[in-house]
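Thanks, everyone. Please have the sequence and the model open while I talk.

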Amino acid sequence: MSFEAIVIGGNFAGLSAAMQLARARRRVLLVDAGAPRNRFSEASHGFLGQDGQTPAAIMREGKRQLSLYPTITIRQGKVVRARRDGDAFIVGTEDGGEERAARIVLATGVSDTLPEIPGLKERWGRSALHCPYCHGFEVSGGKLGVLANHPHSAHSAMMIPDWGVTTFFTQALFEPDEEQLLKLSARGVRIERSPIVELLGDNPKLEAVRFADGRVVPLDAVFVAPKTAMASPVAEQLGCAFDDGPFGPIIRTGDNKETTVKGVFAAGDAASAMHNATLASASGVLAGVHCHQSLVMQSSD
């Protein structure tokens, strides 16, 4: 076989997995479609040693460092199909090419679906945000909001007051229960039940929101957890099992990051309910290490 492992996806998780395999002197192919989930963000925060860097800059440097290892091959392209072939796997790209390897690491990520509110999509990753630990400090001290679009939204609203004065927008969809109302009140969170119908301001800046009842109130940033879906069909094609996450399906893995398909590992947002640059990178390290160990165990059998 040309490669011992193929890593699909070149964001934080995929690069971290490929680095472990390359350092173990295994022949690795990294295929990157070049459309990472974090491409809408101006900067990545909370990532030790990379705080404030753009995601694109981090990935460029990661690929540069990775390319110094002699056993790594990096290709730009989109993997559209994968299948088992005996004891190995065959991966096909959009341009019709195919490669074969003994192991696969899926770092394919997820795609986001945002609520259909005018002005929200245009501000995604700038003033419409998903993670306070990633972006909260940059908007701290402002007027902040949490847009309810799932049952866990009230819990998210309890976190945000550490960064600024917070309003929880129920959107007339997710009314807090009595216990949640008490906790939100204790945190100083204001409840707004009239749905937001438009985000206002000089895009990508957020200055205010318009409600269904016609009111316009100032707002500097809004947090919203998008619904997620697999960004690639490959995990399903390979027969990997999925779990129901709070925002969408998650590839099921064990502690060693191996999926339910022997020889296929998964890392990053596609295999975790918690989405964060550091966590994605760490899961990629685990997937790469255990992928390497599985190759060692196979060769010693």
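I'll go through helix 1, the cores, one small sheet and a few local details.

One caution before we begin: this is a predicted model.

Start with helix 1. It has twelve residues. From first C-alpha to last, helix 1 reaches 17 Å, close to the 16 Å expected at 1.5 Å a residue. How many of its residues are buried? Ten of the twelve, so helix 1 is mostly covered by the under 20% cut-off. The buried list runs Phe12, Ala13, Gly14, Leu15, Ser16, Ala17, Ala18, Met19, Leu21 and Ala22.

Now the ends of this helix. Just ahead of it, Asn11 sits in the loop between strand 1, residues 3-8, and helix 1, residues 12-23. Asn11 is buried, because its relative accessible area is 18%, and the cut-off is under 20%. Its side chain makes a polar contact of 3.5 Å with the side chain of Asn38. Leave out residues up to four places away in sequence, and Asn11 touches Pro36, Arg37, Asn38 and Met59.

At the other end, helix 1 is followed by Arg25. Arg25 belongs to the loop that runs between helix 1 and strand 2. Its phi is positive, near 65 degrees, and this is not a glycine. Is Arg25 buried or exposed? Exposed, because its relative accessible area is 71%, against a cut-off of over 50%.

On to the cores. The largest nonpolar core has 25 residues. Which members touch the most others? Val7, Phe12, Ala18, Leu21, Leu66 and Val105. At least two residues of this core come from each of strand 1, helix 1, strand 2 (28-32), helix 2 (55-67) and helix 7 (277-300). Helix 1 gives the most, with eight residues.

Take Ala18 as an example. Setting aside neighbours within four places in sequence, Ala18 is in contact with Val7, Val28, Leu30, Leu66 and Ile72. There is also a second, separate core, with 24 residues. Among its members are Ile8, Leu29, Ala235 and Cys240.

Next, the sheet. Three strands make an open sheet in the order 12-13-14, with antiparallel pairing. Its edges are strand 12, residues 196-200, and strand 14, residues 216-218, each pairing on one side only. From one strand to the next, the twist averages 25 degrees. Strand 13, residues 208-211, pairs with strand 14 over three bridges. Within the sheet, Ala208 stands opposite Pro218 of strand 14.

Look also at the loop between strand 12 and strand 13, where Pro204 lies. What kind of peptide bond joins Asn203 and Pro204? A cis one, with omega about 10 degrees.

Last stop, helix 5. Before it comes Ala172, in the loop between strand 10, residues 165-169, and helix 5. Ala172 has a positive phi, near 60 degrees, and is likewise a residue other than glycine. Ala172 counts as exposed because its relative accessible area is 61%, and the cut-off is over 50%.

Helix 5 itself covers residues 178-186. At its start, a side-chain oxygen of Asp177 comes to within 3.2 Å of the backbone nitrogen of Glu179. After helix 5 comes Gly188, with a positive phi near 80 degrees.

To sum up helix 1: ten of its twelve residues are buried, and it gives the most residues to the largest nonpolar core.

Key:
Residues are numbered from 1 along each chain as its sequence is written. This is a predicted model: local features need pLDDT of at least 70, side-chain atom pairs count only at pLDDT 80 or more; totals for chains, interfaces and linings use all residues. Side-chain values use heavy atoms; hydrogens and water are left out. Helices (H or I, at least four residues) and strands (E, at least two) are DSSP runs, numbered from the N terminus. Buried means under 20% relative accessible area, exposed over 50%, partly exposed in between (1.4 Å probe, protein chains only). A polar contact is a pair of N or O atoms within 3.5 Å; within protein, one must be able to donate a hydrogen and the other to accept it, and residues adjacent in sequence count only if both atoms are side-chain atoms. Contact means heavy atoms within 4.5 Å. A nonpolar core is a set of buried Ala, Val, Leu, Ile, Met, Phe, Trp, Tyr and Cys residues joined through side-chain atoms within 4.5 Å. Two strands pair if DSSP finds at least two bridges between them. Axes are lines fitted to C-alpha atoms, for helices over the stretch in contact, and angles run from 0 to 180 degrees between N-to-C directions. The expected span of a helix is 1.5 Å times one less than its number of residues.
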